[in-house]
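This briefing covers one protein model, from individual ring pairs up to the overall fold. Please keep the sequence and the structure in view while reading.

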Amino acid sequence: MLTKLPIIYAGIGSRKTPDSVLKDMFKAARGLASLGCILRSGGAAGADTAFERGCDALKGRKEIYLPYKGFRGNNSPLHGSCIDARRIAKQFHPNWGVLGENARDFMGRNSYPILGSALCLPCAFILCWTQNGRVEGGTGQALRIAAHFKIPVFNFGSRTKDEINDAMLRLIEEKESVSAA
């Protein structure tokens, strides 16, 4: 008998995400938790926190990757970045050489929500917000990695909530039908 694999998604975005979008992210994470999806995120203020709270509202499964232990009071056991995560981050960062060690830790951490703890299991899709859908900041780092791995991105900064919901539900239905076959 085949077991249906859970769908893993990354819920990420800017610390400057507007409040109205944070509410939509919370609702999306809650809805995805109700479907048994697994959230991957980074524990930052703003979007990351909204996704995590939405997931937690239904006691959903999650993987929260922190740049260091106790980041922002988060007790996730997943923290720090290994040399392989930093190599991936370096490959996709437009100006790695100017980053200090702390910034490199954060950029290395951004590899995990996209590729998982062993850096070999890409998420099925990304929900995020960036200003006008731009690829910038820490979220931009994750989006560059995602583009390389051809991971669909649903950005609240460049699409409407209804467009995102429709596209995300179609993708989930496709993934579920493939795993059931």
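Phe51 counts as buried, because its relative accessibility is 0% (buried means under 20% relative accessible area, exposed over 50%, partly exposed in between, with a 1.4 Å probe and protein chains only). The model is predicted: local features need pLDDT of at least 70, side-chain atom pairs count only at pLDDT 80 or more, and totals for chains, interfaces and linings use all residues. Residues are numbered from 1 along each chain as its sequence is written, and side-chain values use heavy atoms, with hydrogens and water left out.

**Aromatic pairs**

- The whole structure holds 7 aromatic pairs; rings of Phe, Tyr and Trp (its six-membered ring) pair if their centres lie within 6.5 Å, and planes under 30 degrees apart count as stacked, over 60 as edge-to-face and the rest as tilted.
- One of them is the edge-to-face pair of Tyr9 and Phe51, with 6.5 Å centre to centre and 70° between the planes.
- This pair links distant parts of the chain, 42 residues apart: Tyr9 sits in strand β1 (residues 8–11) and Phe51 in helix α2 (residues 47–57).
- Helices (H or I, at least four residues) and strands (E, at least two) are DSSP runs, numbered from the N terminus.
- Tyr9 is buried as well, because its relative accessibility is 1%.
- Tyr68 and Phe71 form an edge-to-face pair, because their planes stand at 80° with the ring centres 5.4 Å apart.
- Tyr68 counts as partly exposed at 43% relative accessibility, whereas Phe71 is buried at 8%.
- Ring pairs also join Tyr9, Phe51, Phe125 and Phe154 into a cluster.

**Helix α2**

- Of the 11 residues of α2, 8 are buried, so the helix is mostly covered by the cut-off of under 20%.
- The buried residues are Ala47, Asp48, Thr49, Ala50, Phe51, Glu52, Gly54 and Cys55.
- These buried residues pack against β1, α1 (19–34), β2 (38–41), β3 and β5 (125–128).
- Lys59, just after α2, takes a positive phi of about 55°.

**Ser76**

- Ser76 lies in the loop between β3 (62–66) and β4 (78–79) and is buried, with a relative accessible area of 10%.
- A polar atom of the Ser76 side chain lies 2.5 Å from the backbone oxygen of Ile64.
- The Ser76 side chain also reaches the backbone nitrogen of Leu78, at 3.2 Å.
- Leaving out residues up to four places away in sequence, Ser76 touches Ile64 and Leu66 (contact means heavy atoms within 4.5 Å).

**Whole protein**

- The protein has 7 helices and 6 strands, which run β-α-β-α-β-β-α-α-α-β-α-β-α from the N terminus on.
- The radius of gyration is 15 Å, which agrees with the value near 16 Å for a compact globule of 181 residues; this radius is taken over C-alpha atoms, and the globule rule is 2.2 Å times the number of residues to the power 0.38.
- Along the principal axes, the C-alpha trace spans about 45 × 40 × 30 Å.
- Buried residues make up 48% of the 181 residues.
- Among contacts with a separation of 6 or more, 69% come from residues 24 or more positions apart.
- The exposed area is about 9500 Å², of which carbon and sulfur atoms supply 53% (Shrake-Rupley method with a 1.4 Å probe; for residues, only the protein chains shown count as cover).

Conventions:
A polar contact is a pair of N or O atoms within 3.5 Å; within protein, one must be able to donate a hydrogen and the other to accept it, and residues adjacent in sequence count only if both atoms are side-chain atoms.
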